[in-house]
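Visitor: I should like to take a close look at a single part of this structure. Please begin with one pair of strands and work outwards from there.

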Amino acid sequence: MKFKGRDIVSIKDFTREEIDYILKVSEEMEKHVKRGSDLLKGKIMATLFFEPSTRTRLSFEAAMKKLGGECIGFSSAEGSSVAKGENLNDTIRVVENYCDVIVLRHPLEGAAKFAAEVATVPVINAGSGAEEHPTQALLDLLTIKSEKGRIDGLKIALVGDLKYGRTVHSLAYALSLYDVDLYFVSPEPLKMRESVLHDLKERNITYHEYTKVKDVISDVDVLYVTRIQKERFSDPAEYEKVRGSYKITLETLKEAKEGLIILHPLPRVEEIDFAVDHTPYARYFKQTYYGLLLRMALLALVLGAVEE
Amino acid sequence: MKFKGRDIVSIKDFTREEIDYILKVSEEMEKHVKRGSDLLKGKIMATLFFEPSTRTRLSFEAAMKKLGGECIGFSSAEGSSVAKGENLNDTIRVVENYCDVIVLRHPLEGAAKFAAEVATVPVINAGSGAEEHPTQALLDLLTIKSEKGRIDGLKIALVGDLKYGRTVHSLAYALSLYDVDLYFVSPEPLKMRESVLHDLKERNITYHEYTKVKDVISDVDVLYVTRIQKERFSDPAEYEKVRGSYKITLETLKEAKEGLIILHPLPRVEEIDFAVDHTPYARYFKQTYYGLLLRMALLALVLGAVEE
Amino acid sequence: MKFKGRDIVSIKDFTREEIDYILKVSEEMEKHVKRGSDLLKGKIMATLFFEPSTRTRLSFEAAMKKLGGECIGFSSAEGSSVAKGENLNDTIRVVENYCDVIVLRHPLEGAAKFAAEVATVPVINAGSGAEEHPTQALLDLLTIKSEKGRIDGLKIALVGDLKYGRTVHSLAYALSLYDVDLYFVSPEPLKMRESVLHDLKERNITYHEYTKVKDVISDVDVLYVTRIQKERFSDPAEYEKVRGSYKITLETLKEAKEGLIILHPLPRVEEIDFAVDHTPYARYFKQTYYGLLLRMALLALVLGAVEE
């Protein structure tokens with residue numbers, strides 16, 4: 001395995017062995033959270049966020065700073081040179097001179113891949129277009145592994161907008177490296193994309209499709225909830241019909257399997273009732289802590305600060 | 001006294017003994033300004049500014065960095081996840097996983113109190129709604145104490161918009177812990193709120209109400225000037241009438257008591273003539289230096305880096 | 001020579017001896033880029049950018065952080081106290097209490113000079129109005145010296161908008177301290193300002209004016225390309241006519257002198273064809289690396305961290 005200098009563009013670029021190693025390094029990062037570390041002293045991370053994503057940006061910046069590194073960057077396209085008409089190629093070729101690693105968030109699909117090809121420093125994809133958000137998928141795996149003790153053998157439901165949600169695609173691919181049963185629960189118009197299903201079949205992953213949470217809640221070990229956006233429906237009435245049945249409430253959880261954990265990539269709007277926050281099922285806030293550990297691990301790995 | 005892990009939400013939460021201790025620690029911070037310090041190395045402060053306040057934000061960030069700590073955050077609600085509809089509860093429960101202390105600025109009253117209840121890390125209120133701005137009040141006290149050598153026994157005038165100005169309310173409460181004479185100078189429609197006056201009476205604080213600066217200028221030791229906003233007047237003509245008489249000029253200061261100091265929470269617009277800047281009375285810029293010391297002290301205290 | 005505490009406002013404030021020394025210190029900074037340094041530990045730089053300039057801001061921040069210093073600031077006037085009506089005088093007098101050096105970008109000419117007069121800490125001009133951008137001129141010199149081995153004796157063409165472009169004015173003055181031949185290549189309405197030509201004459205600098213790149217391409221050692229903005233032309237048809245002939249392409253470069261280097265202050269829009277990026281002539285991205293070194297040197301010098 002070779003991580004130093006490597007780009008983190010797509011979850012598909014990683015073998016199971018590599019992912020397991022990343023998860024192991026992530027767990028070792030916990031000791032640096034409380035007191036900080038000098039592991040990345042003198043290193044600079046550039047966060048180029050062409051669309052805002054406060055949570056992801058803060059998570060990466062906290063990760064870098066807990067390891068003694070520094071950050072530069074911008075948090076939205078406004079106010080950056082983009083307004084003057086600069087192209088991504090030039091931005092990357094300039095910024096790579098100021099930093100040791102680039103973290104990119106971009107509205108266009110393929111932007112991270114393109115940036116990685118151009119840059120001489122490693123590029124980490126923090127979300128580009130509707131397709132890929134690999135660090136989210138990795139932190140989802142880390143959460144499942146840490147909270148359930150394992151990934152293999154689990155029954156995992158992905159709930160909500162499975163057609164357009166970028167996190168669920170990366171996560172489905174990541175999970176397909178493990179021996180899991182997948183449950184896809186979504187309204188008819190937002191079913192998991194055929195291309196993803198096709199790939200899962202090829203990998204011999206068992207999956208089931210449902211349209212109601214209540215049909216899977218007593219079976220699954222992990223409930224991964226995502227938002228359903230109104231604008232995805234051509235008919236607002238259709239949205240209103242669907243909306244309620246995908247809200248996770250205490251009522252929904254009455255039938256829950258023992259040890260169920262609920263995850264969510266956040267921000268949540270109304271998919272999970274606030275009352276659920278206080279149940280032992282809720283792990284969506286702790287999930288962000290695992291995100292910190294995971295990003296610390298990735299930064300340390302691509303900057304060559306961890307023995308491989 | 002116990003500061004480690006404590007929230008700084010309202011000036012009303014502090015005893016005089018505690019405030020005196022904070023001021024003492026603030027004075028000791030001066031030695032760290034010139035050369036920096038490692039007192040908060042490895043610690044991260046999150047500045048969550050849901051409304052912009054450059055001065056307050058830069059002051060907190062400089063304070064953290066002079067002590068060797070690091071900062072993450074955002075400087076306005078735009079571009080944060082708030083635009084995606086996230087609620088304050090979730091923002092706090094996420095960000096607390098990335099940091100050791102949260103500094104919050106929010107347009108709604110009660111937001112800091114709410115955040116402090118939710119968060120497991122200490123929360124410092126950097127202004128929420130029209131009610132409270134405790135670190136401003138504390139730095140005002142520090143300025144008075146440092147520049148006049150004491151607080152007890154002083155005659156202190158608060159001038160301008162005493163009805164809506166959030167700094168004057170916190171300051172009035174803070175001063176009520178000391179043995180001072182308060183002079184409230186404001187246009188009739190912007191008089192100090194009854195609720196504040198009521199509390200002062202209960203604490204046996206002597207106060208006087210005036211409508212003209214010239215009636216108090218030869219009596220007071222401290223002139224605390226605040227801005228009068230046009231939009232507070234239903235009749236623009238009323239505002240025009242009042243405007244001039246609240247502007248502090250060299251003329252106003254001809255009758256000033258010896259040793260008078262003029263403070264202002266800033267930004268000033270036209271309440272103090274630029275010519276006043278060059279008089280020995282002007283301390284409103286030095287006041288921001290005391291703000292740095294005060295915030296260094298608070299951060300060191302709530303993060304447990306100072307012996308108590 | 002005395003740099004500690006000095007303002008960097010105009011390129012005109014420097015002697016050739018001083019500039020040569022700055023370039024020498026810049027070269028010595030290279031060793032700190034890879035591993036970082038503690039040279040400016042405990043120091044804080046404030047970046048006050050009243051208009052956005054991502055590249056310049058990131059360059060300064062990376063420079064400060066590579067030397068172990070810290071940064072505070074804002075990246076556009078929006079969201080700063082300016083929106084509340086604060087004047088530059090007050091902003092400077094406040095911020096100087098939070099930092100050890102101020103880096104200012106401002107849309108108004110003279111703003112940096114004014115700030116330098118007000119501030120007790122050193123002020124570095126990162127671009128103010130149409131007139132001055134001294135650190136850009138210095139990094140241009142550093143690029144030429146490093147890439148060509150010398151500045152004296154070179155033939156240097158400045159191409160594009162020579163009337164309004166702020167970088168070319170500072171650069172022309174900087175170059176006038178050396179023994180160079182200058183070639184000014186621009187459309188008729190965007191010719192180099194008379195005031196600059198006048199000063200060059202006084203300094204006995206040889207210069208030539210052209211309207212076509214092809215007339216100089218086989219003569220010059222350095223081609224410094226700048227953007228031509230559509231809005232500078234009263235007649236859009238005039239702009240369209242000019243546009244193509246100022247674009248540097250592989251075709252343009254067929255006649256290039258051996259060892260020619262092409263520079264550009266960036267961002268480029270369409271003045272240089274992407275195909276040129278892959279030729280040995282292209283140095284405009286490496287130029288930004290020299291910008292990092294140059295700004296590290298300036299910060300170390302004005303903060304007194306380098307022996308003089």
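Which residue in E4(C) is the bridge partner of Leu104(C)?

Guide: The model shown here is a predicted one. In it, Leu104(C) has Asn125(C) of E4(C) as its bridge partner. Strand E3 of chain C covers residues 101-106, and four bridges join E3(C) to E4(C). These two strands run parallel.

The pair belongs to an open sheet of chain C, in which four strands follow the order E2-E1-E3-E4. The pairing in this sheet is parallel. E2 and strand E4 (123-128) of chain C are the edge strands, each of which pairs on one side only. On average, with direction ignored, neighbouring strands of the sheet are turned by 15° against each other.

The sheet also receives a helix from another chain. Helix H2 of chain B, residues 54-66, packs on the sheet and touches E1 and E2 of chain C. The direction of H2(B) makes about 175° with that of E2(C).

This leads to the contact between the two chains. Chain C contributes 22 residues to the contact, and chain B contributes 21 residues. On the side of chain C that touches chain B, the elements giving two or more residues are strand E1 (44-49), strand E2 (70-74) and helix H4 (88-95) of chain C. H4(C) provides the largest share of that side, four residues. Sorted by class, the side of chain C that touches chain B has nine nonpolar, six polar and seven charged residues.

The relation between the chains can be stated as a rotation. Chain C is superposed on chain B by a rotation of 120° with 0.0 Å of shift along its axis, at an RMSD of 0.0 Å. The two copies are therefore related as by a three-fold rotation axis. Among the residues of chain C, Glu70(C) comes closest to the rotation axis, with its C-alpha at 5.2 Å. A turn of 120° and a shift of 0.0 Å along the axis likewise lay chain B on chain A, with an RMSD of 0.0 Å. Of the residues of chain B, Glu70(B) comes closest to the rotation axis, at 5.2 Å (C-alpha).

Helix packing within the chains completes the account. In chain C, helix H6 (residues 134-148) and helix H7 (residues 166-175) pack at an angle of about 55°, and their axes are 8 Å apart. That angle makes H6(C) oblique to H7(C), and their crossing is right-handed. H6(C) enters the contact through Pro134(C), Gln136(C), Ala137(C), Leu138(C), Asp140(C) and Leu141(C), while H7(C) supplies Thr167(C), Ser170(C), Leu171(C) and Ala174(C). The residues of the contact of H6(C) with H7(C) comprise six nonpolar, three polar and one charged.

In chain B, the axes of helix H3 (residues 88-95) and helix H4 (residues 111-118) come within 10 Å and cross at roughly 45°. H3(B) is thereby oblique to H4(B), and H3(B) passes H4(B) in a right-handed crossing. From H3(B), the contact is made by Leu88(B), Asn89(B), Ile92(B) and Arg93(B); from H4(B), by Ala111(B), Phe114(B), Ala115(B) and Val118(B). By class, the residues of the contact of H3(B) with H4(B) are six nonpolar, one polar and one charged.

Key
Residues numbered from 1 in each chain as written. Chains lettered and ligands numbered in written order. Predicted model: local features only at pLDDT ≥ 70, side-chain atom pairs only at ≥ 80, totals over all residues. Contact = placed C-beta atoms within 7 Å. Nonpolar A, V, L, I, M, F, W, Y, C, P; charged D, E, K, R; others polar. Pairing = 2+ DSSP bridges. Axes fitted to C-alpha atoms, helices over the stretch in contact; angles between N-to-C directions. Least-squares fit on C-alpha atoms with pLDDT ≥ 70 in both. Parallel < 35°, antiparallel > 145°, perpendicular 65-115°, else oblique. Left-handed = near helix turned anticlockwise from the far one by under 90°.
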